Structures are given as structure tokens and as C-alpha cells.
Amino acid sequence: MIGRNEIVRRLAIKKYGTENNVGESELQEVGQICDYLVDVFTEAFLENEKIVWKGFLSAEVTQRGERKGRHPLTNEVVTFPPIKTVNCKFSKNIKDAINEK
């Protein structure tokens with residue numbers, strides 16, 4: 001699994017060329033850009049805007065309706081309220097790269 005810190009480190013290496021060129025200030029700069037990206041995505045989702053990043057992904061907020069389920073221990077019917085969720089689809093380029101097409 002790759003966490004936020006590893007993503008920041010890899011982005012910094014891409015931006016600055018080699019790992020030797022990446023210090024604490026470069027990691028902080030790239031980390032701040034990642035934080036801004038999260039903020040932009042969150043603000044767009046809160047305004048029900050669809051995000052389309054050609055060659056990477058598309059994402060949008062959708063509404064899931066109310067549904068019923070069963071409590072596994074008591075077998076009681078439980079109603080789950082409607083919720084909003086984010087649907088994300090990655091580009092064909094990424095899917096093809098994963099499948100080596």
C-alpha cells in the first residue's frame with residue numbers, strides 16, 4: 001500500500017529529478033500541493049460538481065437510495081438511510097496499462 005507520505009516523496013522525485021535533490025523543504029512544498037488538490041476535490045464534491053481529469057479519472061457525487069438489510073445476530077430488518085457517495089472511474093489509459101494492452 002502506498003500512503004500519502006510515499007506519494008508525496010514520489011511526486012517530489014518526479015519534480016526535482018532524483019532523490020538526492022529532494023529535501024525537507026521540497027517534500028513540504030509537494031505535500032502542500034497535494035493538500036490543495038484534496039481541498040479542490042472536496043469543494044467540488046460539496047458543490048455537486050463532476051470532476052473530469054482527462055487521461056486520469058472522472059469522479060462525481062451520487063445519491064444512494066434507502067435500503068433494507070438484516071442484523072446478522074438478531075436477524076432484525078434494519079433500514080439504512082439514503083446517503084451520498086463518490087463514484088470514481090479511472091481513464092482507459094490507466095486501465096489498459098494495468099491490463100498491459
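## A walk through the chain, starting at a hairpin

Select residues 67–70 and then residues 77–80: these are strands E3 and E4, which pair in the antiparallel sense over four bridges. Before going on, keep in mind that this is a predicted model.

**Stop 1: across the pair.** Stay with the two strands and click on Arg-70. Which residue in E4 stands opposite Arg-70? Look across and you'll find Val-77 there. While you're here, try showing the side chains. In a regular strand, side chains alternate between the two faces of the sheet.

**Stop 2: the turn.** Now follow the backbone from E3 to E4. The two strands form a hairpin, with six residues between them. Pick out Asn-75, which sits in the loop that links E3 and E4. Asn-75 isn't a glycine, yet its phi is positive, at about 65°. What's the usual pattern? Most residues other than glycine have a negative phi. Is Asn-75 buried or exposed? Anything over 50% relative accessible area counts as exposed, and Asn-75 comes in at 52%, so it is exposed.

**Stop 3: another asparagine.** Jump back along the chain and select Asn-48. This one lies in the loop between helix H2 (24–46) and strand E1 (51–53). Asn-48 also has a positive phi, near 55°, and it is a residue other than glycine. To see the setting, colour residues 24–46 for H2 and residues 51–53 for E1, with Asn-48 in the loop between them.

**Stop 4: zoom out.** Switch to a cartoon view of the whole chain. How many helices and strands are there? Count three helices and five strands. Trace them from the N terminus and the order reads α-α-β-β-β-β-β-α. Is the chain a compact globule or more spread out? Its radius of gyration is 20 Å, well over the 13 Å that the globule rule gives for 101 residues, so the chain is more spread out than a compact globule. Turn the model around: the C-alpha atoms fill a box of roughly 60 × 35 × 30 Å along the principal axes.

**Stop 5: surface and contacts.** Turn on the surface. The chain exposes about 8,400 Å², and carbon and sulfur atoms supply 54% of that. Of the 101 residues, 15% count as buried. As for contacts with a separation of 6 or more, 30% are between residues 24 or more positions apart.

**Last stop: charges.** Colour by charge and you should find 16 positive and 15 negative side chains. The centres of these two sets lie 10 Å apart.

Methods. Residues numbered from 1 in each chain as written. Predicted model: local features only at pLDDT ≥ 70, side-chain atom pairs only at ≥ 80, totals over all residues. Heavy atoms only, no water. Rg over C-alpha atoms; globule rule 2.2 N^0.38 Å. Buried < 20%, exposed > 50% of the residue type's maximum accessible area, 1.4 Å probe, protein only. Contact = heavy atoms within 4.5 Å. Areas by Shrake-Rupley, 256 points an atom, 1.4 Å probe, with all protein chains shown as cover. Lys, Arg positive; Asp, Glu negative; His and termini not counted. Charge placed at Lys NZ, Arg CZ, Asp CG, Glu CD. Pairing = 2+ DSSP bridges.
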